[in-house]
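Colleague: I've got this one open on my screen and would like a quick tour. Can you walk me through it?

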Amino acid sequence: MFSLDAALPKLAAQCDSYVALQHPDGAIHRADWGLDDPGGTCSLVALCLYTGQNLDAAARALDYLEAYQRPSGLTDLRDCNFDSSPDAGFILQAMCPAYPPPPVQRGSSPAGRGLEGRVEAFLRRMVVGALTGGFHTPNHRWVMSAGLALAEQCFPDLSKQIKPVIESYLAEGFDLNADGAWIERSAGVYDAICVKSLLILAECGYEKENCLAAVDRNLALNLHLFHADGTIETGLSRRQDHGTRSVPSALIIPYLWAGTLLNEPRFLQAAAFLSVKAPADGYSLVQFLRKFGEPEPIDPRLPESYTCHYPVLQAHRIRRGALSATVFGSTARLLHLVAGQVELVSVKISQSYFGVGRFVGDSIREDDGAVILRSEGKLSPYRPGYELPLGRPVPLERYSELRAERTLRRVPYCLSELTVREIEGGITLHYKTLDGMDRVPAQIALDFAPGGIWETDDTALQPLAGQVIFLKRGTGRMRYGRDVIEISPGASAHQMWAMRDAEIAPGLVRVLLTFLTPVEANVTLKITSL
């Protein structure tokens with residue numbers, strides 16, 4: 001499965017694919033920017049040097065990079081970061097493993113001659129900028145430290161300047177919480193970046209024990225975030241991968257690397273499983289195989305049956321074969337469920353109540369095999385209620401400031417709970433209002449990915465994104481291919497298509513169950529296959 005003979009042709013093809021994107025100015029241009037990309041061009045140079053092919057392309061790329069490099073030694077991420085030391089960390093991680101090129105490659109062609117000196121000068125200037133450049137997101141600290149650690153191995157004479165900087169970043173301690181998540185909680189993107197950076201630091205002799213312990217904890221968490229198809233739960237993320245569905249192929253090498261160092265078969269099995277779903281980065285894979293050799297045959301597998309409660313993340317995970325569900329606290333998105341082709345993207349509950357009726361799990365707890373979300377209804381310091389007059393002039397420019405001085409006529413908070421319980425082949429939702437006023441419109445919204453077929457006992461249709469369906473009674477079914485989710489029973493107390501203050505779902509298909517308070521409702525979500 002992980003074979004050097006198989007990986008080398010793929011690496012060569014990866015290098016050729018980068019060269020095919022090179023423009024006459026020597027740079028790789030990103031189609032989504034319409035601009036040249038220094039970072040991608042650095043990757044082109046690294047691939048050419050490491051493989052010893054397309055050295056003329058590497059020379060043209062260096063022409064561009066030498067002209068683009070700023071006086072600081074840094075380059076830009078052109079849709080975000082300029083004069084960017086964090087991106088220097090990524091570039092050093094990419095280019096240092098290819099430096100110096102093997103002697104046979106240095107003089108193998110006119111284009112190859114002189115490349116080593118040019119790459120060295122480019123990297124040395126970049127190191128100088130990175131040493132004092134700083135960061136602006138938490139993961140950058142580890143990316144930069146790892147890049148500098150690799151540069152230290154390439155240029156030992158810079159060790160006195162590099163080592164104190166790495167140590168100053170490491171002195172801050174790793175931003176891993178008790179559940180094993182980084183601050184950014186980005187299972188789809190930045191977890192792989194952080195873990196790879198710590199593995200590099202450990203390899204370079206920096207806090208090896210602490211680095212590997214942090215790697216172990218984060219990768220163990222991610223093992224329990226995967227869906228059956230190899231995509232990973234991103235509903236906890238605080239970064240751009242939030243809510244996306246993709247196979248995190250960037251985790252393949254970290255799982256393989258960490259599994260080897262820690263002798264952890266679960267990590268090796270996860271690497272094998274993911275590599276079946278999506279290809280590993282060829283450059284990183286060949287580096288691993290040359291360093292550690294080819295692993296023994298690995299059974300591709302992920303954990304398939306478990307419940308995990310994460311009190312710090314305020315989340316709860318259920319996995320039973322194809323069924324994968326996540327319950328979320330601290331957000332209006334309360335549940336995400338995947339089962340085969342079925343995707344219930346979110347469950348949201350709301351009352352049309354003074355602008356503070358959205359159910360947000362202020363607390364989450366386990367109780368007798370169930371998980372309970374409790375919403376206090378305190379989204380605003382001034383609601384629910386009415387503000388009384390001050391009895392004195394209120395200047396326009398001080399209206400907001402003086403609001404805090406007003407007496408409030410309070411009405412009850414819309415306190416409520418949602419209990420999620422696992423059943424055979426599905427889950428149940430028990431929604432109960434505990435306080436608040438009566439006769440208030442309320443709803444449970446089930447938001448599905450488009451592309452399914454909606455069926456009841458007497459109708460069937462193919463709903464479009466943005467469509468709202470009322471399940472007024474009985475059972476409704478959303479079918480994707482052979483996979484079906486049954487919802488029952490329906491409820492119909494009102495027909496507010498877009499209830500005031502409820503979050504909308506324009507890109508999804510919404511199924512509504514509607515109520516008037518007080519509410520105590522049980523909803524069953526059952527997965528079947530045709």
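Colleague: Which residues have the most contacts inside the largest nonpolar core?

Modeller: A nonpolar core here is a set of buried Ala, Val, Leu, Ile, Met, Phe, Trp, Tyr and Cys residues joined through side-chain atoms within 4.5 Å. Buried means under 20% relative accessible area, with exposed over 50% and partly exposed in between (1.4 Å probe, protein chains only). The largest such core has 109 residues, and those with the most contacts inside it are Phe 2, Met 95, Leu 148, Trp 182 and Tyr 255.

Colleague: Which helix gives the largest share of this core?

Modeller: Helices are DSSP runs of H or I with at least four residues, strands are runs of E with at least two, and both are numbered from the N terminus. Nine residues of the core come from one helix, the largest share, and that is α3 (residues 55-68).

Colleague: How many residues are in the other core that lies apart from it?

Modeller: Leu 323, Leu 344, Leu 373 and Ile 427 are among its members. The size of this other core is 46 residues.

Colleague: Before I go on, what sort of model is this?

Modeller: Residues are numbered from 1 along each chain as its sequence is written, and side-chain values use heavy atoms, with hydrogens and water left out. Local features need pLDDT of at least 70 and side-chain atom pairs count only at pLDDT 80 or more, while totals for chains, interfaces and linings use all residues, since the model is predicted.

Colleague: Is Ser 416 buried or exposed?

Modeller: Ser 416 sits in strand β14 (residues 416-423). Contact means heavy atoms within 4.5 Å, and leaving aside neighbours within four places in sequence, Ser 416 has contacts including Phe 359, Leu 373 and Tyr 431. Its relative accessible area is 2%, so Ser 416 is buried.

Colleague: And Ala 505, buried or exposed?

Modeller: You'll find Ala 505 in the loop between β21 (483-488) and β22 (509-516). Not counting residues up to four places away in sequence, Ala 505 touches Asp 447, Gly 466 and Arg 510. Its relative accessible area is 14%, so Ala 505 is buried.

Colleague: What percentage of the residues in the protein are buried?

Modeller: The protein has 14 helices and 23 strands, and its C-alpha atoms fill a box of roughly 85 × 70 × 45 Å along the principal axes. Of the 530 residues, the buried ones make up 53%.
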